[in-house]
Amino acid sequence: MALHFKYVRIQGRELAPNTMTGKGVFSMCWKMIQEDNMEEEDADLYREIDDWFAKELPWPPQCKNQEQVICWFKTENSDEMLKMIRPALWLLEKYNHDYFLVYTNTPGEIVYEDQYQVVAKVDGILHIDEMQESWSPED
């Protein structure tokens, strides 16, 4: 039986203070840069990745306002997004920073949606469909 999930999120073990859920891939990378844990060449690579996403992926107003929400890529059309995020995942691995791909069909109450992502309220209970796995950039 093949499983199909609508949404995927890349997150780490450390919790975001405003949501108390795992920090997303962008937050994890920026924290490593801010704490000077990345070599400058790697930090420049991440800035290029972040610039691409800033141009191609809308920044939901709920995220700008730091509301208690988390973002999920839509699996139906996230191939390009996941392809472009792979170098960031490689950086996380290079610096021994754990991350997970979390899949779900029930992200919570969706408060924003665009072509590539949804944003859902964090209601204290994250609805995860029993599938978490780490992922390697070679996949």
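## Pocket lining and helix packing

In this predicted model, the lining of the largest pocket breaks down into 19 nonpolar, nine polar and six charged residues. The volume of this pocket comes to about 1000 Å³. It is lined by 34 residues, and F26, S27, W59, C63 and C71 sit closest to its centre.

Where does the lining come from? At least two residues each are supplied by β1 (7-15), β2 (22-24), α1, α2 (40-56), α3 (61-64) and β3 (69-74). The top contributor is α1, which puts six residues into the lining.

Now for the helices. Here is how three pairs pack, with angles and axis distances side by side.

| Helix pair | Crossing angle | Axis distance |
|---|---|---|
| α1 and α4 | roughly 50° | within 10 Å |
| α2 and α4 | about 155° | 10 Å |
| α1 and α2 | roughly 145° | within 11 Å |

Take α1 (residues 25-34) and α4 (residues 79-94) to begin with: their axes cross at roughly 50°. That angle makes α1 oblique to α4, and the crossing is left-handed. On the α1 side, the contact uses V25, F26, M28, C29 and M32, and these meet I85, A88, L89, L91 and L92 of α4. Sorted by class, that gives ten nonpolar residues, with no polar and no charged ones.

Next comes α2 against α4, packed at about 155°. The two helices are therefore roughly antiparallel, and α2 passes α4 in a left-handed crossing. From α2, the residues involved are D42, L45, Y46, I49, W52 and F53; from α4, they are E80, M81, M84, I85, P87, A88, W90, L91 and K94. In this contact, twelve residues are nonpolar, none is polar and three are charged.

That leaves α1 with α2, whose axes cross at roughly 145°. This crossing, too, is left-handed. Here F26, C29, W30 and I33 of α1 touch A43, Y46, R47, D50 and F53 of α2. By class, the contact has seven nonpolar and two charged residues, and no polar ones.

A few residues turn up in more than one place. F26 is among those closest to the centre of the largest pocket, and F26 also contacts α4 and α2. C29 of α1 takes part in the contact with α4 and in the contact with α2. On α2, Y46 and F53 meet α4 and also α1. On α4, I85, A88 and L91 belong to the contact with α1 and to the contact with α2.

How values were computed
Residues numbered from 1 in each chain as written. Predicted model: local features only at pLDDT ≥ 70, side-chain atom pairs only at ≥ 80, totals over all residues. Heavy atoms only, no water. Axes fitted to C-alpha atoms, helices over the stretch in contact; angles between N-to-C directions. Helix = DSSP H or I, 4+ residues; strand = E, 2+ residues; numbered from the N terminus. Parallel < 35°, antiparallel > 145°, perpendicular 65-115°, else oblique. Left-handed = near helix turned anticlockwise from the far one by under 90°. Contact = heavy atoms within 4.5 Å. Nonpolar A, V, L, I, M, F, W, Y, C, P; charged D, E, K, R; others polar. 1 Å grid on protein atoms, 1.4 Å probe; cavity = no way out; pocket = protein on both sides within 12 Å on 5 of 7 lines; lining within 4 Å. Points joined across faces, edges and corners; volume = space filled by probe spheres on them.
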